[in-house]
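Okay, thanks everyone. I'll walk through a few local features of this one, so have the viewer open and follow along.

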Amino acid sequence: MSISFEILQKDIAARNGRLKVGDKTIRTPALLPVVNPHLPLVTPREMQEMGVEAIITNAYIFSKSSEYRDRALAEGLHKVLDFDGVIMTDSGSFQLMVYGEVEITNTETVTFQKEIGSDIFVPLDIPTTPDTPREQVEEELEVTLDRIKEAREFLGPDAPLAGPVQGATFPDLREYAARRVQEIGFDFCPIGAVVPLMENYRYKELVEAVLAAKRGLSPSTCVHLFGAGHPSMLALGAAMGCDIFDSAAYALFAKDGRYLTTYGSLKIDELSELACPCAVCRNHTAEELKKSPDRERLLALHNLYVTLAEIARIRQAITDGTLWELLDLRCRSHPRLLEGYREFLSHAEELERQDRPSKRRFFYQGTESCQRTEVVRYHKMVERFSLGEQVLVSMTGEKNTGEYDDVLSFKPPFGPYPTGLAETFPIGQSEVPTWDEAMMEAGCKGIARLAETHPESTVSVLAPADWASFVRHALPDLEVLE
C-alpha cells in the first residue's frame, strides 16, 4: 500500500493536490484532526460527516492502552475509531518530546502500526526541540535518520511510511535532513518538532525551518507540517508548500474555554456575540454556549468547523490564484505572524521559481505587496522588451512625444510596460490605490532594471511634478523630466 502525490494547481509554493494512500485519496491541503480515543470530544464518525477525509491518532497511546490495544489488534484501527478515511498514526515521538522517553523501539512501533491497520506509519524519530545545542541536534538527527532508514528497510519500499524531517532551528540541518530522507526514498515527509515554535509565536524561525526543509525535498513530495492547526497560520503554512496539517487545537482550546477564529482565539466567557456561520453558533447565543453543560464539546465542534472552513478557503484561493491576498490578511492578525510573513517575503526570489505565471488578480495591500513574487517576476521580464535607441517611461500618461522611439507607460509596483501588455497579467489585473513611496520605489526598480538590461537604449522618465524629486533620487543615473 504505497503513497503517491499528484499536484493539480499551484499558487506561491502552495499546491492543490491528491494524496493517494493505497485505494484511498484525500484532497490537499488537508487538515488531519488529532484523535485521542480516551478523550473523544468530537468522534471520528462525526468528523467524517463534517467532510474530514483523514485523521491522525497516536499509536503509542493505543499500544499502552488496556482498553484499546487488544481491540485495535483484533478489529483494526478503522473499526475501533469508526472512520472510513485515511488514518495516520504517530509513533510515540510526541511523548518522547514531552517526557523524554518511551517504552517502545523503532521496529516495535512501526510493526504495531502495521498490525492495527494504520494507513500511514511514522518511525520513532527524535523531535529535537528549538534552542537545543547544535552538537546535540546533530547527534539526535543522525539517530533519527538511522531509524528512518531502518524502518524503510524493515517494512520494504512500498510500505506507507512517512519520512520525518528534523533539525531544530538550524536551516542547514533541516535541508541536510530533508536531502537524506529523500535519498532513502519517501513521497510523504512531515516536518517535525515545530510545535514549540508555534506555541511561542516564533513564526520567523518557523518560516526559516520549513523553507530550508523544502529546499532539500523533491517538489513532488507531499509535505506535512506536524502540529500546525490554528486557522490563523494555515495560509502561511500552505504558502510555504505544506500540504498536510494536523492539530489537536480544536479540542485543546475548547478545554481551555477558547473560541477559535481565523484571526486568533477568544475567551468564550468574554464574548457577547458569536460571529460565525457554523451550526453551533447559529443554534446558540453566546450566553447559551457559555452556560451549556455540553460547552466543551460545542466549542470543539465550532473550532473544528472554523479550521476546516479555512482549509477550504485556502484551496479555493490556490485555485483562483489569490493566496497572496488571503495570506496578507491572515498574517496581520498578530505582530509575530506579520514578522513571519515578512521573513517569508524575503525569500521571494526563491518562491518566484515555484509560483504560477498568471493569476486572477493582484491587489496592493501595503508595503509587503511590493515584495510579492509577481513583482519579482515582472522585474525579471522587462529585459525581454524590444526597445529603440531613445525610450521614455511616462508616469503621467502622456504619450504624444515624437522624439522617442518607444514610449512606455508606468504602473507601480511593477514599473514600465509597453501598450501591448496593458491588458495582460499583472498590469491589467492589478489594483493599486493612490501611489505611495513603497510602491513607487518598487516601480523605479523596474525602470532601473529596464535601463540596465538595455544598454543600447537611452532611457528617460517623465514624472508627475509631485513625484519628480523622489524619482530623481531613486534613479540618479537617468534623465527625469517633469
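Let's start with a single arginine. Arg202 sits in the loop that links α9, residues 195-199, to α10, residues 203-216. Before I go on, keep in mind that this is a predicted model.

So, is Arg202 buried or exposed? Its relative accessible area comes out at 15%, and the cut-off for buried is under 20%, so Arg202 counts as buried. And what does the side chain of Arg202 make a polar contact with? That would be the side chain of Asp131, at 3.0 Å. If you skip the neighbours within four places in sequence, the residues in contact with Arg202 are Pro130, Asp131, Thr169, Leu197 and Arg336. So Asp131 turns up again in that contact list.

Okay, moving along the chain to a hairpin. β10 and β11 form it, with two residues between them. β10 covers residues 258-261 and β11 covers residues 264-267; the two run antiparallel and are joined by four bridges. If you want a pair to click on, take Tyr259, which stands opposite Leu266 in β11.

Keep β10 on screen, as it comes back in the next bit, the second largest pocket. How much space lies in that pocket? About 340 Å³. Its lining is made up of 19 residues, and the ones nearest the centre are Ala275, Cys276, Pro277, His302 and Val306. Which elements give two or more residues to that lining? They are β10, our hairpin strand, and α15, residues 295-320. The largest share is from α15, with six residues.

Last stop is a sheet. It's an open one, built from five strands with mixed pairing, and the order is β15-β14-β13-β17-β18. At the edges you have β15, residues 415-417, and β18, residues 479-481, each of which pairs on one side only. On average, neighbouring strands in this sheet are turned by 30° against each other, ignoring direction.

Let me zoom in on one end of that. How do β17 and β18 run, parallel or antiparallel? Parallel, with three bridges joining β18 to β17, which spans residues 458-462. One residue pair to look at there is Val461, whose bridge partner in β18 is Val480.

To recap: a buried arginine, Arg202, with a polar contact to Asp131; a hairpin from β10 and β11; a pocket whose lining takes six residues from α15; and an open sheet of five strands. That's me done, over to you.

Definitions and conventions:
Residues numbered from 1 in each chain as written. Predicted model: local features only at pLDDT ≥ 70, side-chain atom pairs only at ≥ 80, totals over all residues. Heavy atoms only, no water. Pairing = 2+ DSSP bridges. Axes fitted to C-alpha atoms, helices over the stretch in contact; angles between N-to-C directions. Buried < 20%, exposed > 50% of the residue type's maximum accessible area, 1.4 Å probe, protein only. Polar contact = N/O pair within 3.5 Å; in protein donor to acceptor, adjacent residues only side chain to side chain. Contact = heavy atoms within 4.5 Å. 1 Å grid on protein atoms, 1.4 Å probe; cavity = no way out; pocket = protein on both sides within 12 Å on 5 of 7 lines; lining within 4 Å. Points joined across faces, edges and corners; volume = space filled by probe spheres on them.
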